[in-house]
Amino acid sequence: MNKTKKMFFLSLLVGMAVVIHIIEGQIPVLFPGVKLGLANIISLFALLVLGWKEALVIVVLRTIISSIYGGGFSVFLFSIVGGLLSNIVMIILYKFFKDGISISSISVCGAIFHNIGQLFVAAVYIQDFKIYIYLPVLLISGVITGFFVGVSVKFLCYHFKDMFAKERRRDDL
Amino acid sequence: MKKGDKIVLMTVLALLVVSFLSVIIYRISYKGKALNAKIIQNQKVLVEVDLEKIDEPKEWMVKGEEGHYNIIRVEKGRIRFIEANCPDLVCVHTGWLSQPGDIAVCMPHNVLVKIEGEKEELDEISY
Amino acid sequence: MKKVTNFVFLLIMIMIPLMACNNQSNKANVIQEEVFALGTIIEFKIYDDDSKKAKEAIDKSIQRIREIEDKMTINKDKSELIEINNNAGINFIYVSPDTFFVIKKASEYSKLSQGAFDLTIEPIVKLWGIGTDNARIPKQEEIDVLLDLINYEDLILDEESQSVMLRKKGQAIDLGAIAKGYAGDEVKRILTEHGIQTAFVNLGGNVVAIGTKVDGSPWKIGIQNPLDERGSHVAVIEVKDKAVVTSGNYERYFIKDGKRYHHIIDPKTGYPAEAGIISSTIVTDQSIDADALSTAVYVMGLEKGLKLIERMENVEAVIITEDNQIYVTAGLREDFKLSNPQFQLLENLN
């Protein structure tokens with residue numbers, strides 16, 4: 001992909017991530033703090049097809065844009081730490097253990113660290129670590145959504161394979 | 001299943017067990033203790049009240065900057081957020097708190113409601 | 001190996017917050033003493049390793065309180081104050097520096113509050129007899145006759161000869177609303193002189209907090225719930241090295257035909273003050289100021305009372321009105337927390 005195309009693709013992904021993030025915010029949660037984390041689909045997808053720098057850019061942009069739509073600084077802080085932590089974990093796992101680990105496992109780890117990170121920021125912010133009583137529930141939800149995200153990404157990659165194949169052919173010409 | 005997946009699975013399971021156990025221990029350590037509820041805004045305790053001594057339900061509005069508000073309801077033995085204008089409403093979804101150790105948070109407004117097992121100790125009463 | 005380190009790391013991450021909840025108590029040597037004086041129970045609580053020194057300080061304080069009581073009481077056979085009252089309209093009476101100081105302070109606060117606090121209230125207080133066995137509702141004529149005598153401007157203070165006189169016969173001074181405050185300041189002085197840094201004295205509801213708690217945290221002082229039995233509180237304030245005095249309609253009163261007649265008499269009407277306040281608490285450095293101001297604010301009502309307080313430096317207040325609203329002055333809000341949902345916090349007056 002050339003530079004313009006890459007930038008275009010990247011902004012498209014950011015846009016999708018923001019939309020997913022906002023829609024997700026409207027879905028009633030069963031338990032406090034339980035977010036489906038669907039925006040992670042985009043992050044993980046970007047990590048697989050574009051690279052780790054692009055994945056981080058998407059997370060940061062997605063968080064900034066989403067908190068403009070609602071939240072403010074504390075919400076921004078809350079999601080940026082969760083988002084970055086989760087992405088860094090996924091990047092490390094993908095870069096170094098790619099061959100020994102499946103996409104779903106990477107995604108589950110990302111989701112879990114996303115929740116742990118958020119809880120940590122929240123605990124520091126309100127200066128009360130008792131909110132860690134929500135950790136078990138957040139872990140379970142992390143496993144479930146992480147697995148779902150992993151499956152979705154696999155599906156996505158499968159269908160994009162043709163597109164990238166075509167792309168490469170055109171570049172070769 | 002790859003080798004890495006097994007490690008992830010084991011770690012996640014271990015983490016789950018440990019965190020559940022911790023919460024259970026935490027709950028047990030608080031069992032049967034006082035129901036002393038605190039409403040905290042920006043790390044400052046606004047209200048501290050013994051939930052067992054509440055005779056009639058009461059609602060408080062905690063006001064913050066820029067028109068932020070959370071409404072908190074107390075009844076005998078329990079307390080909860082009932083309304084707020086924060087974006088995520090996590091605080092309201094948390095529902096009733098009625099056990100020592102329970103906690104509900106509104107991150108965007110930095111408002112926190114929790115029940116502590118310790119009764120407040122006063123040095124003196126001015127009358 | 002990685003698994004193990006991971007596991008240990010996460011274990012620590014979970015356990016730290018849970019362990020942080022344990023609070024350890026800081027036990028210090030406490031010397032306690034209770035004594036009946038100034039018509040009320042006075043409690044001492046001194047935190048000091050040197051029990052002998054603390055005991056000595058308490059004994060000295062009690063001695064001092066008795067001295068003050070002997071000079072300023074009106075409930076005994078004789079005292080300097082009784083002598084002044086007996087010589088009203090007749091003679092100047094030479095008094096001790098203590099009595100002179102307290103009368104002067106009382107006179108200052110009478111002026112400052114424009115008579116809401118009036119040290120010459122004694123004749124009407126005696127007429128009502130609230131808190132005694134002879135409590136009754138006086139006839140309007142009786143009150144009218146005595147109201148003419150209530151005037152703090154009729155007090156003549158002669159600084160040079162340290163003597164005092166009231167202009168008219170029948171006039172009398174009551175220092176009941178301020179003497180306890182003075183005693184509190186004197187106790188604080190004595191304890192501090194003995195090198196005591198952490199102590200707590202309660203003179204019948206007038207609280208004098210010396211220093212901070214042993215662990216350096218502020219003292220937690222409850223404010224009596226005016227609608228409930230003694231010991232139940234509406235709010236808690238945290239103070240360091242301050243005097244806290246509350247005046248309320250629940251302290252001494254009698255009920256006749258369903259109406260409560262309490263002991264804080266409005267010098268302007270001759271009836272128990274009804275300015276919409278049921279409790280006023282003053283937090284300041286000197287107990288004598290807090291004592292006089294809490295009565296003054298009670299009589300003046302929320303708006304006027306607050307104006308008076310805002311004019312003064314380092315004086316904070318918690319005022320509870322009869323519709324269960326609580327007003328806290330700005331300087332105290334950080335250290336104030338509500339503890340009874342029956343009461344509503346007033347954000348501001350506008």
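Lys213(C) and Asp123(B) meet through their side chains in a salt bridge, with 2 chains involved and an N to O distance of 3.5 Å. Lys213(C) sits in the loop between β7 (206-210) and β8 (219-224) of chain C, and Asp123(B) sits in the loop between β7 (111-116) and β8 (124-126) of chain B, so the pair joins two chains. The model is predicted.

**Salt bridges**

- Lys213(C) is partly exposed, at 21% relative accessible area.
- Its partner Asp123(B) counts as buried, at 12% relative accessibility.
- Over all chains, the structure holds 28 salt bridges.
- Another one pairs the side chains of Asp102(B) and Arg27(B), at 2.7 Å from N to O.
- Asp102(B) lies in the loop between α2 (90-93) and β6 (103-106) of chain B, while Arg27(B) lies in helix α1 of chain B, so this pair ties together parts that are 75 residues apart in sequence.
- Asp102(B) is buried, with a relative accessible area of 9%, whereas Arg27(B) is partly exposed at 30%.
- In chain C, the side chains of Lys76(C) and Asp70(C) form a salt bridge of 3.2 Å, N to O.
- Lys76(C) is partly exposed at 40% relative accessibility, and Asp70(C) is partly exposed at 42%.
- A network of salt bridges links Arg64(C), Glu67(C), Lys71(C), Asp98(C), Glu186(C), Arg189(C) and Glu193(C).

**Helix α2 of chain C**

- Helix α2 of chain C covers residues 51-72, which is 22 residues.
- From first C-alpha to last, this helix reaches 31 Å, close to the 32 Å expected at 1.5 Å a residue.
- Its buried residues include Ala54(C), Ile58(C), Ile62(C), Ile65(C) and Met72(C).
- Charged names appear there too: Arg64(C), Glu69(C) and Lys71(C) are among the buried residues of α2(C).
- The buried residues of α2(C) pack against two strands, β1 (30-37) and β2 (40-47), and against the helices α3 (80-86), α4 (97-112) and α7 (179-193) of chain C.

**Domains**

- Chain C is assigned domain 1 (30-70 + 177-346) and domain 2 (75-166).
- The contact between them takes 32 residues from domain 1 of chain C and 31 residues from domain 2 of chain C.
- The C-alpha centres of these two domains of chain C lie 23 Å apart.
- Chain B is assigned domain 1 (1-31) and domain 2 (34-116).
- In chain B, the C-alpha centres of domain 1 and domain 2 lie 30 Å apart.

**A nonpolar patch**

- A nonpolar surface patch of about 760 Å² includes Ile140(A), Ile144(A), Phe20(B) and Ile24(B).
- The elements giving two or more residues to the patch are α6 (135-172) of chain A and α1 (3-30) of chain B.
- α1(B) gives the most, with 6 residues.
- Ile24(B) is placed in helix α1 of chain B, and it is partly exposed at 45% relative accessible area.

**Chain A**

- Chain A has 6 helices and 0 strands.
- Of its 173 residues, 50% count as buried.
- Chain A exposes about 8,700 Å², and carbon and sulfur atoms supply 72% of that area.
- Among contacts in chain A with a separation of 6 or more, 72% are between residues 24 or more positions apart.
- His21(A) lies in helix α1 (residues 3-26) of chain A.
- His21(A) is buried, with a relative accessible area of 16%.
- Leaving aside neighbours within four places in sequence, His21(A) is in contact with Ala39(A), Arg62(A) and Ser66(A).

Key: Residues numbered from 1 in each chain as written. Chains lettered and ligands numbered in written order. Predicted model: local features only at pLDDT ≥ 70, side-chain atom pairs only at ≥ 80, totals over all residues. Heavy atoms only, no water. Patch = residues over 30% accessible without salt bridge, like charges linked within 9 Å, V, L, I, M, F, W, Y side chains within 5 Å. Areas by Shrake-Rupley, 256 points an atom, 1.4 Å probe, with all protein chains shown as cover. Salt bridge = Lys/Arg side-chain N within 4 Å of Asp/Glu carboxyl O. Helix = DSSP H or I, 4+ residues; strand = E, 2+ residues; numbered from the N terminus. Buried < 20%, exposed > 50% of the residue type's maximum accessible area, 1.4 Å probe, protein only. Contact = heavy atoms within 4.5 Å. Expected span 1.5 Å × (residues − 1). Domains from an automatic or database assignment.
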